[in-house]
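Have the coordinates open as you read. The tour starts at one atom pair and works outward.

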There are 2 protein chains.
Amino acid sequence: MQKYSKQTRLLLAVDCIIFGFDGETLKILLIKRDFEPEKGNWSLMGGFVQANESVDQAANRVLTQLTNLQGVYLEQLYTFGNTKRDPLERTVSVSYFALIDINKYEAQLSKDYHADWFPLKKVPKLIFDQQDMVEAAKKRIRYKAALHPILFELLPEKFTLPQLQVLYESVFNTSIDKRNFSKRVLATGLLIKLDDKDKTGSKRGAFYYQLNKQNYYTKFQSFINILPNPDTLQV
Amino acid sequence: MQKYSKQTRLLLAVDCIIFGFDGETLKILLIKRDFEPEKGNWSLMGGFVQANESVDQAANRVLTQLTNLQGVYLEQLYTFGNTKRDPLERTVSVSYFALIDINKYEAQLSKDYHADWFPLKKVPKLIFDQQDMVEAAKKRIRYKAALHPILFELLPEKFTLPQLQVLYESVFNTSIDKRNFSKRVLATGLLIKLDDKDKTGSKRGAFYYQLNKQNYYTKFQSFINILPNPDTLQV
DNA sequence: ACAAAAGTGTTTTAGTTACACCCATGG
DNA sequence: CCATGGGTGTAACTAAAACACTTTTGT
């Protein structure tokens, strides 16, 4: 089966940076690595690409293994290819980032995989070059969210404008005027106002909204304008 | 040296989409593949990642092989990992795109490598999934150029505003008001006006400009605003 | 003297920011 | 009845778009 003779064959891995939002801060999901080297240390969920699967399929497999979720937003981030990144054997890793609704994630799974959620500011030391992967993922999510409506992937089907605003404020580490925020968000045409309210956050309650899926898919690739001053954003 | 036993090892390649601008249209550089399969057909410049080099190094090596240029703008684009993309043997390819000053490219090299420049609208049939790579690169260059000043990498050290405008108009397939264009470009603070003129394009001549390297490097990551209506751009 | 491309300024329009009060409700 | 968070409108300002004429010079 080796038709290109004399060429080096090497290990190819995938690693997933899995983001979730708990209503207050953006978090990532890490596991305790269960094999050597670095066994027992915090790590991204990952795995080797198998002979019979594409790289994308490998990333999806690995993500589903840990979360038991299907159809999740998953995007290729960057391929890390330094020769020494895995000290045991040359391994190139294709990193992906995923955005999941943290409520759909079952806590039970954390026990099975010795996994845990970490706020971005409290990420523990990670194995190999995974610190770089997380940094790249943080940059990418901010970059992309400044231009495209990806953050909705982190919220449940029904959400309120205050919830959405907290999410944006947390991702961009800024505070936004709620009047202007609501104007900009509603001007995108991506939201449908529902009749019922979320009463958990206040006595008056805040109206629920849901995504207008049609507009969402057609406008996903175009630039949107939810943030103030996106021009001055350093990304 | 195989420490992770029972895992699949596979071939890893790099492929480069090399862009150049001849003053009229955006072009890419292709070669005639000199080994089987698909020997003699048009192909991107590429090669296998060797045991002792990083993936980035492989991309740089391959680019320098064909162009004899160093220090060129080279950015990782996407990793293509379908199982069947190379019919001979499973090969995952990390694609990169490069922006070069077409004047620095020596025509002699084209003869050595049986290479040629093709306008984006006249790219011939390519091997494997390289058509997808070129499409991804076209999208990426437009996307990135709409937000960041990468197109200067395609121009010589000294260039005129009319030349720059033709470049933008060609990349975005649009026509731009020259008064507004010059206002926006100069407002970026990226350009230094020189004293001499390019007289090849007109009797009066157009002033040369060069990049303010300092501002260029510090502002490279922030969003700039040279295009009209970037919001409505489909990318 | 005229053709051909370079260069420049102003008005109009649209979009963004800043800002403060009333509303609804549970306790 | 009051504390808490939700919801909304307007005026001031800033940025973008539209638009046309003058300059230079080689032939």
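How far is a base nitrogen of DNA strand C from an N or O atom in the side chain of Arg179(A)? The separation is 3.2 Å. This is a predicted model, and every distance here is computed from it.

Stay on chain A for two further pairs. A base nitrogen of DNA strand C also has a polar side-chain atom of Asn180(A) at 3.0 Å. Asn225(A) meets the backbone of the DNA instead: an N or O atom of its side chain is 2.7 Å from a phosphate oxygen of DNA strand C.

Now widen the view. The surroundings of DNA strand C comprise 23 residues. Those that come nearest are Arg179 and Arg204 of both chain A and chain B, together with Asn225(A). By class, 13 of the residues of this surface are charged, six are polar and four are nonpolar. Turn to the DNA side. Sugar or phosphate accounts for 41% of the atoms of DNA strand C within 4 Å of the protein, and bases make up the rest.

Which elements supply this surface? Helix 5 (178–187) of chain A, helix 5 (178–187) of chain B and strand 10 (206–211) of chain B each give at least two residues. Helix 5 of chain A contributes the most, with four.

Last, compare the two protein chains. Chain B superposes on chain A after a rotation of 180 degrees, with 0.0 Å of shift along the axis and an RMSD of 0.0 Å. Therefore the two copies are related by a two-fold axis. The same surface serves both: 100% of the contact residues of chain B recur in chain A.

Conventions:
Residues numbered from 1 in each chain as written. Chains lettered and ligands numbered in written order. Predicted model: local features only at pLDDT ≥ 70, side-chain atom pairs only at ≥ 80, totals over all residues. Heavy atoms only, no water. Least-squares fit on C-alpha atoms with pLDDT ≥ 70 in both. Contact = heavy atoms within 4.5 Å. Near = heavy atom within 4 Å. Polar contact = N/O pair within 3.5 Å; in protein donor to acceptor, adjacent residues only side chain to side chain. Nonpolar A, V, L, I, M, F, W, Y, C, P; charged D, E, K, R; others polar.
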